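These notebook entries record what I looked up in one structure. I began with the overall form and then turned to single strands and residues.

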Amino acid sequence: MQALAGEQGDAYRIVLVASDRPDAAGLAWAREQGLTTFALPPKGIGKAAYEEALDAALRDAGAEWIALAGYMRLLSDAFVARWRGRIINIHPSLLPKYKGLDTHARAIAAGDAAGGCTVHVVTEELDGGEVLGRAEVPILADETPESLAARVLVEEHRLYPAVLKEFVRS
């Protein structure tokens, strides 16, 4: 999110930073930067009500696109349909390999030569939308999931703002 905020300008402007965790460090940072924030814990209100509130906050803020960054909740098919073609995500693997969690450990265990990250359009299929961009990171002989994650994160910060700029211009 910070990398996206640092690159906003002519192509896109962040109108809302949203989280399901009111104590998220990213929200505090966003507020310090003067960005509008939305936080609502979903516990006890149900997925549909949570997503209705999120959708309303996005629309009230004037959002045209959604760039997910560190958002670990699965969006419902109905939410994705309302924003079809306007939600993108960055995933820490070279999709279509290693959808879901524990991507770095899975790549290392498989003996892959490279890991990386992929920016993709969000669809109803988990990590299954159109690939918009990816960056490869070689897996080193003594690699751990943590060391690979740190090196992939550098590429995520480079790749995501560049792809977002192109995505919103198209």
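The entries below go from the whole chain to its sheet, its cores and a few residues.

**Entry 1: the whole protein**

I note at the outset that this is a predicted model. I looked up the secondary structure and found six helices and six strands. Read from the N terminus, the elements follow the order α-β-α-β-α-β-α-β-α-β-β-α.

I next checked the overall dimensions. Along the principal axes, the C-alpha atoms fill a box of roughly 50 × 35 × 30 Å. The radius of gyration is 16 Å, and a compact globule of 170 residues would have one near 15 Å, so the two agree.

For the surface, I recorded an exposed area of about 9100 Å², of which carbon and sulfur atoms supply 53%. Of the 170 residues, 41% count as buried. I also looked at contacts between residues with a separation of 6 or more: 53% of these join residues 24 or more positions apart.

**Entry 2: the sheet**

In what order do the strands of the open sheet stand? I read the order as β3-β4-β5-β6, four strands with mixed pairing. The edges are held by β3 (66–68) and β6 (131–138); each has a single partner strand, so one side of each lacks a neighbour in the sheet. On average, neighbouring strands are turned by 10° against each other, direction ignored.

I then went through the pairs one by one.

- β3 and β4 (residues 87–91) run parallel and are joined by three bridges. Within this pair, Ile66 has Ile87 of β4 as its bridge partner, and Leu68 stands opposite Asn89.
- β4 and β5 run antiparallel, with four bridges between them. Here Asn89 is partnered by His120 in β5.
- β5 and β6 also run antiparallel, joined by seven bridges. Thr118 has Arg134 of β6 as its bridge partner.

One helix belongs in this entry as well. I found α6 (residues 145–169) lying across β3, β4, β5 (114–121) and β6, at about 155° to β6.

**Entry 3: the inner strands**

I asked how many residues of β4 are buried. Five of the five are, so β4 is largely enclosed by the rest of the structure. Its side chains divide into two groups: Ile87, Asn89 and His91 point one way, while Ile88 and Ile90 point the other way.

For β5, eight of its eight residues are buried. Ala114, Gly116, Thr118 and His120 point one way from this strand, and Gly115, Cys117, Val119 and Val121 point the other way. I noted the general rule beside these two strands: in a regular strand the side chains alternate between the two faces of the sheet.

**Entry 4: the nonpolar cores**

Which residues have the most contacts inside the largest nonpolar core? I found Ile14, Ile88 and Val119, in a core of 27 residues. The elements giving two or more residues to this core are α1 (2–7), α2 (25–32), β4, β5, β6 and α6. The largest share, eight residues, comes from α6. Apart from this core lies another, of 17 residues, among them Tyr71, Phe79, Val80 and Ile87. As general background, nonpolar side chains in soluble globular proteins tend to be buried together.

I followed Ile14 further. Beyond its neighbours within four places in sequence, Ile14 is in contact with Leu4, Ala5, Gln8 and Leu35.

**Entry 5: two residues in detail**

Is His120 buried or exposed? Its relative accessibility is 2%, and the limit for buried is under 20%, so His120 counts as buried. His120 is placed in strand β5. Not counting residues up to four places away in sequence, His120 touches, among others, Ile88, Asn89, Leu95, Asp127 and Val131.

I then turned to Ala63, which sits in the loop between α3 (47–61) and β3. Ala63 has a relative accessible area of 14% and is buried. Setting aside neighbours within four places in sequence, I found Ala63 in contact with Val15, Leu58 and Trp83. Finally, I looked up Ala63 and Arg86: they are 23 residues apart in sequence and 9.9 Å apart in space, C-alpha to C-alpha.

Key:
Residues are numbered from 1 along each chain as its sequence is written. This is a predicted model: local features need pLDDT of at least 70, side-chain atom pairs count only at pLDDT 80 or more; totals for chains, interfaces and linings use all residues. Side-chain values use heavy atoms; hydrogens and water are left out. Two strands pair if DSSP finds at least two bridges between them. Axes are lines fitted to C-alpha atoms, for helices over the stretch in contact, and angles run from 0 to 180 degrees between N-to-C directions. Contact means heavy atoms within 4.5 Å. Buried means under 20% relative accessible area, exposed over 50%, partly exposed in between (1.4 Å probe, protein chains only). The radius of gyration is taken over C-alpha atoms; the globule rule is 2.2 Å times the number of residues to the power 0.38. Accessible areas come from the Shrake-Rupley method with a 1.4 Å probe; for residues, only the protein chains shown count as cover. A nonpolar core is a set of buried Ala, Val, Leu, Ile, Met, Phe, Trp, Tyr and Cys residues joined through side-chain atoms within 4.5 Å.
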